[in-house]
Structure formats: structure tokens, C-alpha cells
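User: I would like to go through this structure step by step. Please answer each of my questions with a short piece of reasoning.

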Amino acid sequence: MATPDRLPEPRGGRVLALWCPDWPATAAAIADDLPPHHPVAVLHANRVVACSAPARGAGVRRGMRKRQAQAACPEMTVVVTDENRDGRIFEPVVSVVADLVPVVEVLRPGLLVVPLSTATRYFGGEDEVAEKLIDAVAAVGVEAQAGVADQLFTAVIAARHHEHVDPGGDVAFLAARPVADLAVEPSLSDPGRTELVDLLRRLGIPTIGAFAALSVRDVATRFSADAVVAHRLAAALPGRPPSGRTPPADLVIEHACDPPIERVDAAAFLGRRLADELAGRLRSAAVACTRLTVEAITERGQRHTRTWRCAQPLTPEATADRIRWQLEGWLTGGRPGAEERPDSPIGMLRLEPVEVVTAGTLQYALSGNGLPDDPELDERARRSLVRVQGLLGGDAVQLPIPSGGRGPRDRVTMVALGDERLPKRSPDAPWPGRMPQPTPAVLLDTPIQVLDLAGRSVAVTGRGAFSAEPTTVRMERPGRGRGSWELRWWAGPWLTGTTGGIDAVTARAQVLLDDSRALLLRYEKQGWAVEGVYE
């Protein structure tokens, strides 16, 4: 079998995507040796994430709870999601495609892409290549659909509809597609892409064409960085431009297996160790890998090579998973009773980063920004903070945790990274006199004067009332002198403490300035300060 080479960015050449519908359900049926007409559903967190065509015909839909799905189709086989099973069973599909077209790139189990530049010269045309690959995959018992287009993203969308997009027709094909198609393929989209799609719908942008019609400047200034990537896809431009640099040679890992590998558990263990070693080399070079070639060589010289592409940089866990999927599928033949296996034990493993990007090219989200929780991103952020803490000291990196209190500043306790996350005050206590929502967007501690109509300072009495009606506030502005604003509205004051004499009175009040800014003021020690600004 010819050794697959690197898949170039599809700038001039055409791309064919081969998509196996409902792959998790198909893989589960193959693993359990179920007939094609038997309904199957795959569950995660007690909800259906994939189902076969017979199950859909009986009324099963993604997102259904297990009990609801079983009520719609009692004879259906239900299994839990298993990425290792999906990757292992997909290996024979990749193998038969690689026998016909040596350059193959796997985006995820159930989806692969191939360049058509050389394949069309051998088979005679694009339609002939697609038909040949579909027939080859059908011979191993798997249904597949092909899509052809100029750009990889367009080809993937076309494969879901079994479409052949004419040269130069990507923009027209995508224009009428719903904007939700920008997030339909997880291997080509950011985890937060679904939120972008929901936002575009609410803004009255229902199609990919309407989104592509926006200017790049407007998208870049009004949306996230991933929206710029999505806009390139919508405009039928390359989804990820070349990195502009050749991966350093010292990033390649070659490991001689001693003893040679014959068992799946040994392959998985070694894959984890090599993935960690690769991650260390990438960190040292300040780059991240987005396309990786994994090559296994037997003692007799037989080679087994796959190239994996990811929308996000490969983490050590993701790298180890792909090594395991590939080697387990090869060692076991992908399914019970398979005959195509290595001719001898594996004697060499080789990991080669095909595409790397610099650290500044990628941005990672921290928790709390509205994106779905991602343990991998959390772990990367934690490791970065630990390094900063080692450079600056133990108290230099602190994390906020919810705390109890009446004021907005009291409701946050800062704890040094690594210390036990215990709040100073219980957030579950009633806290009478606590400021209601919303909380100020910006917290300050800036002195300010609150004056009445005659220009006298306004205080708070022990009974919780203003000493006079406030009409004006004054504040020193650094470098710009003193500023004065009239009050349009005020609320309060609310006492927060009255122990001792008049000097011990503490209170809060809200005011609206004549420039439409809303402030939260704090009164203590017979003086006022701006505690927060509402936005």
C-alpha cells in the first residue's frame, strides 16, 4: 500500500469529502454485529447523541431522553458513546480509501477528505473518483456520501447532501445554506461556534450568504475571533491559512519499540507517553500542532500511516486518543473476525507534526466567558498560571470565589492559586441589607463629594436618611481637574452599619448623573466614595 503524504491546503486543487452518516451508531452496530436494518441509538448523559436511519424512522431524534427514545422504538439497541470504538471501527474504512487514493486525511471518525488533483488523472474524473470510493467503502459494509468542492469546508457540507459543487461555485452553493451549517461539523469549528450561530439568527442573519455579505472589518470588530474564521468559511476562503513556517525537525518523534508491540493495551500506554513527549517539545518551541501524521512500522517493514486534522490544537489527550484509534484499528482489524492486520509486531512509531502554528496565532478562553466548560482549556490555563506563580511568588496569582456580604466587593474572596478555596464569609447566609441585582460592572474606590442645592456636603444620619436632598456630585479627575455633575435620580441610602456614634454610620446609595452614568456610592467615616459603575 502506498504511504499517504501530506494533504496540501486546497488553494488550487479540488477536495473530496467522504462522510459516513450517523457514524457513532454505525460503529456500535458493527461492533455488536447487528444487521443494518436494526435500530441503534448512542447515548451520552442519558440523551440520544446519534441514531441510525431505522431508529429515526421509528421517531427517535437526537436530544431525546433514553426513556422517551425507548418508548418510541422498544426494539432499539441502546449503547453509550465510546470514541475509542468509533475510531477503531473507522480504521478499515480509511484503509480501503487509502488503497485507492494514497493521500488521505482524517478529520474525525466518520469523516475524511482527499485531494483530487492526482486521483482524477488516474480514475478519469471527479464523479468517477467519488463513485469508486463509495463502492469501496460499501464493500466493507459502511454507507458513505461524497461531496466535491474547491474548499475543504464546502466539500464537507456538500458531502452531507451528496452534492457535487462545480469549480468556482462554492460561494453560490453556500449562500443559500442555513447559517447553522457553520457549526454542523465539530472537526472544523470552535466549541463556541453554536453560540455565534444563535447570535446571528437573533440578528436576522439566517443564511451563510447573508453572513458572508458582511465586511471583514465589521465581523472582526463586533464578534469573536472565531467569527472571523467562520466568515472566511462562509466566503469560501481557506478556513485556516498555512502557518507560514516549516515545522522544526526536532519536533519529529521516532520511538523504537523494545519489545515490539503486539497488544492494544501496550500500544495505548506507549501512545500516551509519546503524546506527552510531543507536547513537551511543542511547548519548548512555542508552537501548537493542528495536523499530525502518525506512522507505525512493523519489524518486517510494513507501514501504516494516517494524517489527523483538528480545528483546535492537539492536546496530549487528543494526540494519545488518535494514536490509540489508529493502532487499535490496525492491530485488531477494526472489527471481530477481520483479516487485515500487521504482518509482524510494531517495531517503530513515528509522530510528525505536519502543520504547526505559533502561540500568538491561537487564543484560549478562560472559564466564565459564557463558553461551554472545557476541561482541556481549564487545564492549560491552570498550568500557565502555575508557571506565572513560580516566577512572581505564591500570592501573585489569585482566583476569585463567591463569598457572602452586603456590598459587591464583599461578595468576592481572592484565594491564592493552590490554596483551599474557602470564602471568608458564607454566601448562603441571608445577609440583610445586601445590595440587589444588578451588580456594578466596574468596582472602584474613588473619593467623591455629594452636595445639596446650597453646595453643602450631604451626610447620612443614624436613622438612615440624607441630611439634605442631594443634587450634585464632584470628583477630582487626574490630569483634568475637578468635575461636577448634576443628579437626575437617586435611591437610598441603605444603612449597612450603625454601631457607635455618628462616625460609625455606613451606608450605600445609587445615583444617576446627567451624563446617563449610574454609580453606586458608599458612605463611611462621614465621607463618600464611588464603589461601582453600572453599565
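User: Is D22 buried, partly exposed or exposed?
Analyst: The model is a predicted one. Buried means under 20% relative accessible area and exposed means over 50%. D22 has a relative accessible area of 23%, so D22 counts as partly exposed.

User: Where is D22 found, and what is its phi?
Analyst: D22 is found in the loop between β1 and α1 (23-31). D22 is a residue other than glycine, yet its phi is positive. The value is near 55°.

User: What is the phi of H162, and which helix does H162 follow?
Analyst: H162 lies in the loop between α7 and α8 (170-175). With a relative accessible area of 47%, H162 is partly exposed. Its phi is positive, near 55°, and the helix before H162 is α7.

User: How many of the 9 residues of helix α7 are buried?
Analyst: Helix α7 covers residues 152-160 and is mostly covered. Among its buried residues are L152, F153, T154 and A155. V156, I157, A158 and A159 are buried too. The count is 8 of 9.

User: Which residue forms a salt bridge with R14, and why does the pair tie together parts that are apart in sequence?
Analyst: R14 lies in the segment before β1 (15-19), while its partner lies in the loop between β7 (145-149) and α7, so the pair ties together parts that are 136 residues apart in sequence. Both residues of the pair are buried. The closest N and O atoms are 2.7 Å apart, and the partner is D150.

User: How many salt bridges are counted?
Analyst: The rule asks for a side-chain nitrogen of Lys or Arg within 4 Å of a carboxyl oxygen of Asp or Glu. Some of these bridges are linked in a network that includes D410, D445 and R508. By this rule the count comes to 28.

User: What separates D198 and R201 along their helix?
Analyst: The side chains of D198 and R201 meet in a salt bridge, with 3.7 Å from N to O. D198 is partly exposed at 36% relative accessible area, and R201 is partly exposed at 48%. An α-helix has 3.6 residues a turn, so residues three or four places apart point the same way. D198 and R201 are 3 residues apart in helix α9 (residues 193-202), so the separation is about one helical turn.

User: In the salt bridge of R350 and E352, which residue is buried?
Analyst: The side chains of R350 and E352 meet at 3.1 Å, N to O. R350 has a relative accessible area of 22% and is partly exposed. The other residue has 16%, under the 20% limit for buried. The buried residue is E352.

User: How many disulfides are found, and why is C310 not in a bond with C289?
Analyst: A search of the whole structure finds 0 disulfides. C289 is in no disulfide, and C289 is buried at 1% relative accessibility. C310 is also buried, at 9%. The sulfur of C310 has its closest cysteine sulfur in C289, too far for a bond because the separation is 8.4 Å.

User: Which residues come after the cis peptide bonds that start at D258 and G492?
Analyst: A cis peptide bond with omega about 5° follows D258 and leads into a residue of strand β8 (residues 253-261). Another cis bond, with omega near 0°, follows G492 and leads into a residue of strand β16 (residues 481-497). The residues are P259 and P493.

User: What is the C-alpha distance between L112 and L18?
Analyst: L112 is found in strand β6 (residues 111-115). At 0% relative accessibility, L112 counts as buried. L112 and L18 are 94 residues apart in sequence, but their C-alpha distance is 5.4 Å.

User: Which residues make the nonpolar surface patch of about 330 Å²?
Analyst: One of them lies in helix α15 (residues 375-392). This residue counts as partly exposed, at 36% relative accessibility. The patch is made by V388, L391 and L392.

User: Which residues form the negative surface patch?
Analyst: One of its members, E131, lies in helix α6 (residues 126-138). The patch is formed by D127, E128, E131 and D135.

Methods:
Residues are numbered from 1 along each chain as its sequence is written. This is a predicted model: local features need pLDDT of at least 70, side-chain atom pairs count only at pLDDT 80 or more; totals for chains, interfaces and linings use all residues. Side-chain values use heavy atoms; hydrogens and water are left out. Patches are made of residues with over 30% relative accessible area and no salt bridge: like charges are joined within 9 Å, nonpolar side chains (Val, Leu, Ile, Met, Phe, Trp, Tyr) within 5 Å. Accessible areas come from the Shrake-Rupley method with a 1.4 Å probe; for residues, only the protein chains shown count as cover. Lys and Arg count as positive and Asp and Glu as negative; His and the chain ends are not counted. The place of a charge is taken as NZ of Lys, CZ of Arg, CG of Asp or CD of Glu. Helices (H or I, at least four residues) and strands (E, at least two) are DSSP runs, numbered from the N terminus. A disulfide is a pair of cysteine sulfur atoms within 2.5 Å. Buried means under 20% relative accessible area, exposed over 50%, partly exposed in between (1.4 Å probe, protein chains only).
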